[in-house]
Amino acid sequence: MRRTRVRFAPSPTGPLHMGGVRTALYNYLYAKQHGGDFILRIEDTDSNRFVPGAEQYIIEALNWCGIVPDEGVDAAGNVVETPSERHPHAPYRQSQRRSIYRKYAEQLVASGNAYYAFDSAEDLELMRSRAENAGQTFIYNYSTRGGMCNSLTLDAEQTARLLEERDDWTIRFKMPEDRTVAMDDLIRGHMEVNTSTLDDKVLWKKADELPTYHLANIVDDHLMEITEVIRGEEWLPSLPLHWLLYEAFGWTDTMPRFAHLPLLLKPVGNGKLSKRDGDKMGFPVFPLEWTSPDGEKSHGYREDGYFPEAFVNMLAMLGWNPGTEQEIFSMQQLIDAFSLEKVGKSGAKFNPEKARWYNREYLRMRSDSELAELFMPILREKGVEAEPVFVEKLIGLIKERATFVADFWDIASCIFVAPEKFKDHGIKAGAAFEKPATGRPADPRAKVYDDSATEPFLAKDADKFWKEEYWRAAKDALEHCEAGEIEDYVRSKGLPLGKVMNCLRLALTGAASGLGIADIISFIGRDEALSRMEFAIRRLGTVFAIESVE
């Protein structure tokens, strides 16, 4: 039995998609469950698509999620370049391993499993055009390689001369003719593919002296003693080639087992989940905020206020089913319960509301003191100074209403700041409202009216806020009653409870819904409540002259 060793091998071509995080997570869970190693390897052989900062983004995102590699990255978050006892297979960047791959490519040529190809880009484009004109698709394999410029059609002298003179040649794999490749996948079961449908993939390029993904992937997995390759469904078409490469090298005894994960799908309809879907529907598809080289900014789950535990739990359930009704899992519980056999074959549809649900559940599991500590910096940003004990008590009252820590301000800002503007509580058809910076849709009820609009707003809605006696009754109740006795006082005066309480709520909070009035008064105190009542009466006094519309 070999020690379990799995790897996550992203390319630093941009921010890490949440689908990539899920692949890393499943690898990590598998490794930890089997007492093995989780390795991070940076596959940066595609120099044309390399994006500065992407590598560090990958490392930071995995660390935020608690998916910490055993090899490949040191304690400071750097990709290891020098072999050591803990990192024996360094370097872990493929670009720093370039001297390794040509030897293996040449080995395949020597064994007759690969060949040198000298076809120019123009030659290949001409062949594609001819095939298209004939209603066919050009495939560079046994059916066409005999008519191309390669070491199979040239003699040894011509081949040697072109290898010396040209700097654009490649080494291609020699795909067998009409052979059925039988393969097994830990998720998808047994599969068979005929090689006649496959092309002779390029394995190594003289132009940059770098391997393609296919060669580097196989060589590194072999040298790093990888036992299972757990990767996305998009690599499934490459499996026959990789299988045959292991055979060609004579490595079948140490060939890893393969598992191809299902895609993450759009919330609506089919298709792979993309950044465009997130932009359109107001949710992130990246774990962390990312700014592209051209300045385009994409928000992330961390910056949107998600707990990393909630994000990881949500991702784990996208494609994997524990076989029970349990939905909330700690990382250790995921490690204990995870199995590739319970990963589905079909794509997993992402549900943004379910992601919010997970965060809501994790927020409620946090203690009031923990949440207060997280909320205090937000208060300081708002210019509010408050005692931690006071904030903790408030959190205990409002946490059931919140999904994110930032929601505490939206729910309870009236506790800290007296209203100066008033919000429309009626949903108006076609009403404009701003989209918050986080990308989450705004509540259409939160349409703020400035001072100049206050009077006509109240005149229009005089059926809701009318008659001075209701405002005076609310103020009298504040002066003479405890917070919990206000409703009894209003009823004893024979006044409509809803009308008076609406006046009181508008004065205390500036809005027509929110925390309970008794709770608000208990936090701000009677003196502050009366002060707000007086302010509202002065500001909105003109409404009292309006005729009743009952």
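Two strands pair if DSSP finds at least two bridges between them. I start my notes with that rule, and I keep in mind that this model is predicted.

**Strands 3 and 4**

I looked up the partner of strand 3 first. Strand 3 and strand 4, the latter spanning residues 170-173, run antiparallel to each other and share 4 bridges. For a landmark in the register, I noted that Ala114 sits opposite Phe173 of strand 4.

Next I asked myself: which way do the residues of strand 3 point, and are they buried or exposed? Ala114 and Tyr116 point one way from the strand, which covers residues 114-117, while Tyr115 and Ala117 point the other way. All of them are buried. It is a nice match to the textbook picture, in which side chains of a regular strand alternate between the two faces of the sheet.

**The cavity**

How many cavities of 30 Å³ or more does the structure hold? I found 1, and its volume comes to about 40 Å³.

I then went through the lining. Helix 8 (residues 275-281) gives the most to it, with 3 residues. The lining includes Lys275, Gly278 and Asp279, and further along the chain I listed Phe283, Pro284, Val285, Phe286, Ser298 and His299. By class, the lining residues split into 4 nonpolar, 3 polar and 2 charged.

**The annotated motif**

Last, I checked the record. An unreviewed UniProt entry annotates residues 10-20 as a short sequence motif, the 'HIGH' region. In the model, the end C-alpha atoms of residues 10-20 lie 8 Å apart. I also noted that this span is 27% helix and 0% strand.

Definitions and conventions:
Residues numbered from 1 in each chain as written. Predicted model: local features only at pLDDT ≥ 70, side-chain atom pairs only at ≥ 80, totals over all residues. Heavy atoms only, no water. 1 Å grid on protein atoms, 1.4 Å probe; cavity = no way out; pocket = protein on both sides within 12 Å on 5 of 7 lines; lining within 4 Å. Points joined across faces, edges and corners; volume = space filled by probe spheres on them. Helix = DSSP H or I, 4+ residues; strand = E, 2+ residues; numbered from the N terminus. Nonpolar A, V, L, I, M, F, W, Y, C, P; charged D, E, K, R; others polar. Buried < 20%, exposed > 50% of the residue type's maximum accessible area, 1.4 Å probe, protein only. UniProt positions renumbered as here; feature names shortened; annotations may be inferred.
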